[in-house]
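This report describes a sheet, the helices that lie against it, and one loop residue together with its surroundings. The sequence and structure come next.

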Amino acid sequence: MKEANKHYVDTSRVTIREIGKSTAKKMIVKYHYSHAWTMCRYALGVFYETDEKDVLGNTETLIGCLVYGYPVGRSAIKSVIDGLEKDECLELTRLFIHDGYGSNIESFAMGQSFKWMKDNASNIKMLLSYADPEQMHLGGIYQATNWLYTGATKPRTDIATVNGKHPRHHAGDRTKRVYRSAKHRYVFMHGNKKDKRLLTKCLRYGTEAYPKKEIIQ
């Protein structure tokens, strides 16, 4: 399949649909560079139609997943945009797709997840995500799918999470803090052109040109 990665994905073979969180967790923990689970509201599986049948006669195989969760912290949304409630925004917390299914498979799958969200979670008005320069990520996938870039976050320390859960959800040692490096911050607005324009005006940060090199820590 590596040779196929030089070409675009055959979109007629790709399907996006909701999968169990346990299934997504196994994939993320095993294959995602973080090897860690996270907050999850919706887990969307990326399925590919093959030419071969498995032992059960299925021709579809799960090749990846996108995980969307509510941003952690009561002020997380307010710090980015005015006027939206917590249940009106989701953060793309994890994305993993196996190599070998086309050079644009991630951007296509993400675009399909937008359509799924429109049909199944119409209350969601904004998506939020971050790209980590420490992992050599500039956010190319977000740039390819027309997210808005709103600059970089500031480095900080934060209370450590346990198994993807914020300290308010567990009884761990709240005195332990971890360093959070600066991240590239991206947002994607849902709705018609008017809705998107109004939401963009409510952003607490101005939009900027896409980054082309790592931010300085």
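Contact here means heavy atoms within 4.5 Å. The model is predicted, and the descriptions that follow should be read with that in mind.

## Glu-88 and its surroundings

Glu-88 is located in the loop between strand 3 (60–69) and strand 4 (89–97). When its neighbours within four places in sequence are left aside, Glu-88 is in contact with Gly-83, Asn-123, Ile-124, Lys-125 and Met-126.

Is Glu-88 buried or exposed? Its relative accessible area is 15%, and because buried means under 20%, Glu-88 counts as buried.

## The sheet

Seven strands make up an open sheet of mixed pairing, arranged in the order 1-2-3-4-5-9-6. At its edges are strand 1 (14–18) and strand 6 (148–152), each of which pairs on one side only. On average, and with direction ignored, neighbouring strands of this sheet are turned by 30 degrees against each other.

Strand 3 and strand 4, which the loop holding Glu-88 connects, run antiparallel and are joined by six bridges. Within this pairing, Val-67 stands opposite Arg-94 in strand 4.

## Helices against the sheet

Helix 1 (residues 21–31) packs on the sheet, where it touches strand 2 (42–49), strand 3 and strand 4, and its direction makes about 90 degrees with that of strand 3.

Helix 2 (residues 105–120) runs at about 65 degrees to strand 3 and lies across strand 1, strand 2, strand 3, strand 4, strand 5 (126–131) and strand 9 (184–189).

Notes. Residues are numbered from 1 along each chain as its sequence is written. This is a predicted model: local features need pLDDT of at least 70, side-chain atom pairs count only at pLDDT 80 or more; totals for chains, interfaces and linings use all residues. Side-chain values use heavy atoms; hydrogens and water are left out. Helices (H or I, at least four residues) and strands (E, at least two) are DSSP runs, numbered from the N terminus. Buried means under 20% relative accessible area, exposed over 50%, partly exposed in between (1.4 Å probe, protein chains only). Two strands pair if DSSP finds at least two bridges between them. Axes are lines fitted to C-alpha atoms, for helices over the stretch in contact, and angles run from 0 to 180 degrees between N-to-C directions.
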